[in-house]
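This report looks at one protein model and the molecule bound to it. Begin with the ligand, then turn to the chain itself.

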Amino acid sequence: MRIETERKLDFDDVLIRPKRSGLKSRAQVDVKRTFKLPHAGVEISGVPIIAANMDTVGTLRMAAALAEFDIFTALHKHYPLDELQKANMSGAFSFVSFGIEDMKKVNSVMSALQSNSINKICLDVANGYTEAFVEFIRDVRKHHPGKIIMAGNVATPDMTEALILAGADIVKVGIGPGSACMTRAMTGIGYPQLSAIIECADAAHGLSGLICADGGCRMPGDVAKAFAAGADFVMLGGMFAGHSECMNEEQLKVLSKNGGGLVEYYGMSSKVAMDRYAGGVAPHRASEGRVVQVEYKGDVKGTIQDILGGLRSACTYVGASKLKEFSKRATFVIKNAA
Ligand code: 5GP
């Protein structure tokens with residue numbers, strides 16, 4: 001056993017220090033970015049925020065709404081293929097998600113979606129530290145050399161490098177910070193998210209790879225802190241939950257009849273999700289997700305305006321006219337440092 005004594009940080013432990021700035025208005029701030037992907041060799045452009053691949057968030061309706069703002073969605077993996085094929089979705093802003101699957105399934109889904117111009121794959125497992133996952137990324141890369149692959153989750157630089165070397169363009173970073181996550185409580189495993197972002201971004205950028213900070217953002221200021229820490233993309237679950245785009249017609253009817261109400265947001269490893277998609281919690285497992293009741297928030301448009309307004313304002317406070325410059329100009333101060 002070993003103890004690391006260096007202090008590690010979460011979003012709540014820091015603030016971003018304001019700096020003198022020549023910017024006159026937050027309207028001048030450009031929050032879009034274009035990245036070149038190291039393996040796929042193509043570019044990806046847009047506002048680098050991604051709706052999480054959870055069935056209460058990464059919906060086709062959410063993808064349609066977010067694409068209007070050039071924001072990305074990782075579609076949840078439980079859609080039947082024909083529903084994905086029929087959907088009028090934007091290939092530019094949608095990722096198709098898989099766990100560790102049979103390669104044949106990945107190949108057939110990606111080839112069926114070729115006419116929808118989908119070139120983005122999200123490979124998502126709770127624990128990205130296994131050899132089997134690294135092998136799987138290698139295999140997907142071999143079969144799909146020109147596709148954009150985002151893979152995770154991990155929370156340390158060594159494994160960020162391993163996933164990039166195996167073929168991931170973007171590594172999803174976050175073990176345990178999610179608002180519907182119980183991993184830390186159930187297993188004791190985790191890593192403070194702000195430090196994970198700082199350390200993994202440094203490792204990824206050294207290999208020309210990218211990271212997506214995944215989990216733990218509860219308000220626009222947290223999104224700003226994630227970008228300031230070096231995240232190239234930020235994935236949001238809870239902040240996008242509870243909107244009309246998360247729901248089906250039936251749920252919307254009930255909410256509009258009642259003039260609002262509470263809606264369920266649950267982890268993909270929660271008992272609710274396992275009952276729905278895996279026929280219950282297997283005897284060797286425990287649920288590592290919780291069910292959270294969130295207030296119905298209406299259309300996602302208002303939340304996007306809050307997030308992007310907060311982000312533009314944060315950039316203005318440090319004099320960054322582009323999101324690209326934000327992290328270089330940002331200095332964190334530790335709150336109430338001992
Ligand atoms: P949030 O934005 O709500 O804080 O975090 C969203 C992220 O939580 C997701 O993108 C995913 O990485 C993670 N997550 C989703 N469901 C579960 C779960 O059941 N257990 C755990 N440990 N993490 C989850």
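In this predicted model, a backbone N or O atom of Ser269 lies 2.6 Å from an oxygen atom of the ligand. The protein covers 90% of the 520 Å² of accessible area that the ligand has on its own. Two side chains also come into polar contact with the ligand: Asp214 has an N or O atom 2.5 Å from a ligand oxygen, and Tyr265 places a polar atom 2.6 Å from a ligand oxygen. The table lists these contacts.

| Residue | Part of the residue | Distance to a ligand oxygen |
|---|---|---|
| Asp214 | side chain, N or O atom | 2.5 Å |
| Tyr265 | side chain, polar atom | 2.6 Å |
| Ser269 | backbone, N or O atom | 2.6 Å |

How many residues surround the ligand? There are 21 of them, and Ser179, Thr183, Asp214, Tyr265 and Ser269 are the closest. Sorted by class, this shell contains 12 polar, 7 nonpolar and 2 charged residues.

**A helix and what follows it**

Helix α7 runs over residues 193-206, which makes 14 residues. At 1.5 Å a residue this helix should span 20 Å, and its end C-alpha atoms are indeed 20 Å apart, so expectation and model agree. The buried residues of α7 are Gln193, Leu194, Ser195, Ala196, Ile197, Cys200, Ala201, Ala203 and Ala204. In an α-helix there are 3.6 residues a turn, so residues three or four places apart point the same way. Among the buried residues of α7, Ile197 and Cys200 can serve as an example to look up in the structure.

Just after α7 comes Ser208, with a positive phi of about 65 degrees. Ser208 has this positive phi although it is not a glycine. Ser208 sits in the loop between α7 and β9 (210-214).

Asp70 is another residue that has a positive phi without being a glycine, here about 60 degrees. Asp70 belongs to the loop between α1 (60-67) and β4 (71-75). With a relative accessibility of 21%, Asp70 counts as partly exposed, because the class of buried residues ends at 20%.

**Aromatic rings**

The structure holds 4 aromatic pairs. In one of them, the ring centres of Phe35 and Phe233 are 5.1 Å apart and the ring planes meet at 40 degrees, so this pair is tilted. The pair joins distant parts of the chain: Phe35 is in strand β2 (residues 33-36) and Phe233 in strand β10 (residues 233-236), 198 residues apart.

Are Phe35 and Phe233 buried or exposed? Phe35 has 6% relative accessibility and therefore counts as buried. Phe233 is buried too, with a relative accessible area of 1%. Both rings also belong to one aromatic cluster, formed by Phe35, Phe72, Phe93, Phe95 and Phe233.

**Two further details**

Which residues are joined by a cis peptide bond? The bond joins Gly152 and Asn153, and its omega is about 20 degrees. Asn153 is found in strand β7 (residues 148-154).

Arg184 is placed in helix α6 (residues 183-187). This residue is partly exposed, with a relative accessible area of 31%. Between Arg184 and Thr73 there are 26 Å in space, C-alpha to C-alpha, and the two are 111 residues apart in sequence.

Terms used:
Residues are numbered from 1 along each chain as its sequence is written. This is a predicted model: local features need pLDDT of at least 70, side-chain atom pairs count only at pLDDT 80 or more; totals for chains, interfaces and linings use all residues. Side-chain values use heavy atoms; hydrogens and water are left out. A residue is near a molecule or strand if one of its heavy atoms lies within 4 Å of it. A polar contact is a pair of N or O atoms within 3.5 Å; within protein, one must be able to donate a hydrogen and the other to accept it, and residues adjacent in sequence count only if both atoms are side-chain atoms. Accessible areas come from the Shrake-Rupley method with a 1.4 Å probe; for residues, only the protein chains shown count as cover. Ala, Val, Leu, Ile, Met, Phe, Trp, Tyr, Cys and Pro count as nonpolar, Asp, Glu, Lys and Arg as charged, and the others, Gly among them, as polar. Helices (H or I, at least four residues) and strands (E, at least two) are DSSP runs, numbered from the N terminus. The expected span of a helix is 1.5 Å times one less than its number of residues. Buried means under 20% relative accessible area, exposed over 50%, partly exposed in between (1.4 Å probe, protein chains only). Rings of Phe, Tyr and Trp (its six-membered ring) pair if their centres lie within 6.5 Å; planes under 30 degrees apart count as stacked, over 60 as edge-to-face and the rest as tilted.
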